[in-house]
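This report introduces a protein chain to a reader who has not met it before. The sequence and the structure are shown first, and a description of selected features follows.

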Amino acid sequence: MKRFNKAASTPDGGQPPPPPSSDHTSDGVCRSTAECKCGLNIMKLTGVIVVFVMGFSVLFSVSVVLRDPPSDVLWPVVDASRILDSNLHKAILEEDELAQPVEVPNDKLLGDLLPIGFDDKSCLSRYQSLLYRRGLSRKPSSHLISKLRSYEALHKKCGPHTNPYDKALENLKKSATANSTTDCKYLVWISFSGLGNRILTLASAFLYALLTDRVLLVDSGKDIPDLFCEPFPESSWLLPSDFPLAEKFNGFNQKSNESYGNSLKRNSSSGNLPYAYLHLVHDYDDKDKLFFCNQDQEYLQKNQWLIMKTDNYFIPSLFLIPTFEKELHSLFPDKETVFHFLGRYLFHPTNSVWGLISRYYQSYLSNADVRIGIQIRVFDAKSGPFKHVLDQILSCTTKEDILPQITKNQEPDFDRSVKPKTVAVLMTSLSGGYFEEVRNMYWENPTKNGDLIGVYQPSYEGYQQNEKRNHNRKAWAEMYLLSLTDKLVTSSWSTFGYVAQGLGGLRPWILYKPENLTAPDPPCGRAVSMEPCFHAPPFYDCKLRRGVDTGAIVPHVKHCEDMSWGLKLV
């Protein structure tokens, strides 16, 4: 484009002489009047053509820009639904008022696992997450997809502020029981325990709601709306703040009179009450554990309202209840995909958390050839870092060929004509000490195979701070970032690691729990499935009414690698 300047003046302040007349020929002389007229007509015609061509070019350029804006253009308004429906398009990733173009894959619904009907910009992660991870590791069953669509219709019909909900609320306030088979029934999940536990228990509660045709309502706690987008279209999953029993949530415990277990001890009929409290926390007793028996499930169906408090991923024991066995097999033919599918369906980071995830990934992880996740959780009263834990991490990652060995005091022997592989190591821990040791080791020493290792840790909070909003935002972001890695190392007993492996569809290497401040040998082992572990399962045969090893009843429910008495799906 030419630069246009204002008219210049002469040195004495006067105006410059006028330019030569536009009807002059190139040599400045007309040999005759006819020749001048002919030249004038030709130039006029040429000028018209030039103007036409320039105008056409401008119109064409504008149309191209509007149709397919260049990658460095930031659009203030985007019709996301129109953009996402085509094969591969550009969209806007909004983070703290900063936008950047991203591409959104065609399979934004994850093989129809996700529903339609959302405002895309209200939850950017729902459809943009595929840009940062592989797709689903397995294909969801058609029965699961159908069941989810049916549940969404039920939630829309019976959810908060609908006529059926208002009617059920009146029954609750009047201590009346449901009087019709058409009345909607509800499962209220109480927000309880750390973030990893809450994610796992929320998935458990949702599956139980699917199996029993109940509507799941979620206690907001201090931060649920700040962490997770709404998963169901056109109806909120959040329990209204004026719910009449909300003030009792914190006080519900194993000794509560309203608990199902205690009603059995009194031989009283909880079916005549408008609600039953299900105490499924790790300290529950044998009567509470009868929740996992067939006969008791039939009895609980009489209650219009069930209130659940738990810190356990109890899904493995649902597979041992005969009433649910056939339906669960149809929903999940591949048993180790339960949390993978439910997690990808339910848990979408809010835009504020998605900003933490996407910025960190693009800054530190996106350009690496391989991404390794190492999640460290030490259950010790003393503050770390501990040398035996560091030794265990390095022993596991090098022996299992997850990270390369280093060479000291000698030149590494590898083909320098081959471009080295770049490896990004994402570490998460409450302590920054392990990260510093691993980072310095790979900075100060070359690797034997020539790999270039970058080590990163987003935060080190020092100790768990469940009640702080920003702490839980970072925790949720780090779980999600771990799920985006290619290989994952996790710590025994840690729900933080369970969430990451399940969302990512990863079978991790599990760091075995150290004893007596000594690194175990072997330091780690590969998980047999990507499913989380149920830490406090019942060991009871409901038919025989005696103790039994519930990890030996069916082939798809086994004991956990990291907790010998726990149960997991395989």
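In which sense do β8 and strand β9 pair, and over how many bridges? The model is a predicted one. In it, five bridges link β8 to β9 (residues 452–456), and the pairing is parallel.

**Strand β8 and its partners**

Strand β8 spans residues 422–428, and six of its seven residues are buried, so the strand is largely enclosed by the rest of the structure. Strand β7 (residues 370–375) also runs parallel to β8, joined to it by six bridges. Between β7 and β8 the chain passes through helix α14 (residues 387–399), forming a right-handed β-α-β crossover. Leu426 illustrates how β8 is placed with respect to these two strands: Gly373 stands opposite Leu426, and Tyr456 is the bridge partner of Leu426 in β9. From β8 the chain continues through helix α15 (residues 433–444) to β9, and this β-α-β crossover is likewise described as right-handed.

**The largest pocket**

The largest pocket holds about 620 Å³ of space. It is lined by 31 residues, of which Asn197, Arg377, Gln464, Thr495 and Phe496 are the closest to its centre. Two or more lining residues come from each of the elements α6 (195–212), α16 and α17. Helix α16 makes the greatest contribution, with six residues. By character, the lining comprises nine nonpolar, 17 polar and five charged residues.

Is Thr495 buried or exposed? Thr495, found in helix α17 (residues 495–504), has a relative accessible area of 14% and is therefore buried, as this value is under 20%. Apart from neighbours within four places in sequence, Thr495 is in contact with Gly196, Asn197 and Leu200. Asn197 is thus both a contact of Thr495 and, like Thr495, among the residues closest to the centre of the pocket.

**Accessibility of selected residues**

The table gives four further residues with their accessibility.

| Residue | Location | Relative accessible area | Class |
|---|---|---|---|
| Tyr260 | helix α8 (residues 260–265) | 3% | buried |
| Lys468 | loop between β9 and α16 (469–483) | 48% | partly exposed |
| Asp213 | loop between α6 and β4 (215–218) | 51% | exposed |
| Asp401 | loop between α14 and β8 | 58% | exposed |

Two of these residues also take part in pairs that are separated along the chain. Lys468 and Asp223 are 245 residues apart in sequence, while their C-alpha atoms are 8.7 Å apart in space. Tyr260 and Phe291 are 31 residues apart along the chain, with 8.1 Å between their C-alpha atoms.

**Backbone geometry**

Most residues other than glycine have a negative phi, and most peptide bonds are trans. Against this background, which value does phi take in Asp213? Phi of Asp213 is near 55°, which is positive although the residue is not a glycine. Asp401 likewise has a positive phi, near 60°. Asp401 belongs to the loop between α14 and β8, and that loop is part of the path by which the chain crosses from β7 through α14 to β8.

A cis peptide bond joins Asp521 and Pro522, with omega about 5°. Pro522 is situated in the loop between β11 (509–511) and β12 (524–526).

Notes. Residues numbered from 1 in each chain as written. Predicted model: local features only at pLDDT ≥ 70, side-chain atom pairs only at ≥ 80, totals over all residues. Heavy atoms only, no water. Buried < 20%, exposed > 50% of the residue type's maximum accessible area, 1.4 Å probe, protein only. Helix = DSSP H or I, 4+ residues; strand = E, 2+ residues; numbered from the N terminus. Pairing = 2+ DSSP bridges. Right-handed = clockwise from strand over helix to strand, strands pointing away. Contact = heavy atoms within 4.5 Å. 1 Å grid on protein atoms, 1.4 Å probe; cavity = no way out; pocket = protein on both sides within 12 Å on 5 of 7 lines; lining within 4 Å. Points joined across faces, edges and corners; volume = space filled by probe spheres on them. Nonpolar A, V, L, I, M, F, W, Y, C, P; charged D, E, K, R; others polar.
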